[in-house]
Amino acid sequence: MIIFNWAIHIIIGLFFSLEFAVQPMDILFIVIGSILPDIDHHRSMLGRLNIFVGFMSHRGFCHTLLGCAVLSIPFLCIKGAAPYVFLGGISHLFGDALQSIFGSKIFKIKGW
């Protein structure tokens with residue numbers, strides 16, 4: 001089930017990149033940003049690497065616009081990356097909003 005969650009966020013991020021990406025690397029940064037907010041979940045890909053995950057609540061600060069902005073700060077050292085990481089974070093919030101509005105059945109794929 002966790003694999004499916006990050007896959008959906010990446011797909012939504014890719015849809016966002018169709019509209020906003022200029023360079024191929026922009027797509028990569030949007031995809032990174034699309035999974036970054038789940039760094040606060042202990043079963044996510046990034047959450048498993050986060051030593052502070054035990055002190056964080058899922059869909060807490062990282063799942064806000066300010067949280068997405070803070071998570072994109074480390075990417076300021078890569079020219080032009082931070083805005084695309086932030087945009088990927090927004091795509092993540094959009095996906096979570098869709099899931100909370102329509103329920104998890106909208107994203108259910110048989111066999112997953």
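**Group meeting: H63 and its surroundings**

I will start with one contact: the side chains of H63 and D96 are joined by a polar contact of 3.2 Å. Before going on, please keep in mind that this is a predicted model.

Where does H63 sit? It is in the loop between α2, residues 24-35, and α3, residues 65-72. Is H63 buried or exposed? Its relative accessibility is 13%, and the cut-off for buried is under 20%, so H63 counts as buried.

H63 has another polar partner. Its side chain and that of D38 are joined by a polar contact of 3.1 Å. D38 lies in the loop between α2 and α3. With a relative accessibility of 12%, D38 counts as buried because that value is under the 20% cut-off. There is also a distance to note here: D38 and C62 are separated by 24 residues in sequence, yet their C-alpha atoms are 7.4 Å apart in space.

Next, the aromatic residues. How many aromatic pairs does the structure hold? It holds three. One of them is F29 with F75, an edge-to-face pair with 6.4 Å from centre to centre and 70 degrees between the planes. This pair links distant parts of the chain, since F29 is in helix α2 and F75 is in the loop between α3 and α4, residues 81-102, with the two positions 46 residues apart. F29 and F75 are both buried. Elsewhere, ring pairs link F16, F20 and F94 into a cluster.

Now the surface. Which residues make the nonpolar patch? They are F61, L66, V70, I73 and L76, and the patch covers about 500 Å². Take I73 as an example from that list. I73 is found in the loop between α3 and α4. Why does I73 count as partly exposed? Its relative accessibility is 48%, and partly exposed runs between 20% and 50%, so I73 falls in that class.

Last, the annotation. The unreviewed UniProt entry lists residues 6-37 under "transmembrane region". In the model, that span is 84% helix and 0% strand. How far apart are the end C-alpha atoms of residues 6-37? They lie 10 Å apart.

To go back to the start: H63 is buried, and its side chain has polar contacts with the side chains of D38 and D96. That is what I have for today.

Definitions and conventions:
Residues are numbered from 1 along each chain as its sequence is written. This is a predicted model: local features need pLDDT of at least 70, side-chain atom pairs count only at pLDDT 80 or more; totals for chains, interfaces and linings use all residues. Side-chain values use heavy atoms; hydrogens and water are left out. UniProt positions are given in the numbering used here, feature names are shortened, and annotations may be inferred rather than shown by experiment. Helices (H or I, at least four residues) and strands (E, at least two) are DSSP runs, numbered from the N terminus. Buried means under 20% relative accessible area, exposed over 50%, partly exposed in between (1.4 Å probe, protein chains only). A polar contact is a pair of N or O atoms within 3.5 Å; within protein, one must be able to donate a hydrogen and the other to accept it, and residues adjacent in sequence count only if both atoms are side-chain atoms. Rings of Phe, Tyr and Trp (its six-membered ring) pair if their centres lie within 6.5 Å; planes under 30 degrees apart count as stacked, over 60 as edge-to-face and the rest as tilted. Patches are made of residues with over 30% relative accessible area and no salt bridge: like charges are joined within 9 Å, nonpolar side chains (Val, Leu, Ile, Met, Phe, Trp, Tyr) within 5 Å. Accessible areas come from the Shrake-Rupley method with a 1.4 Å probe; for residues, only the protein chains shown count as cover. A salt bridge is a side-chain nitrogen of Lys or Arg within 4 Å of a carboxyl oxygen of Asp or Glu.
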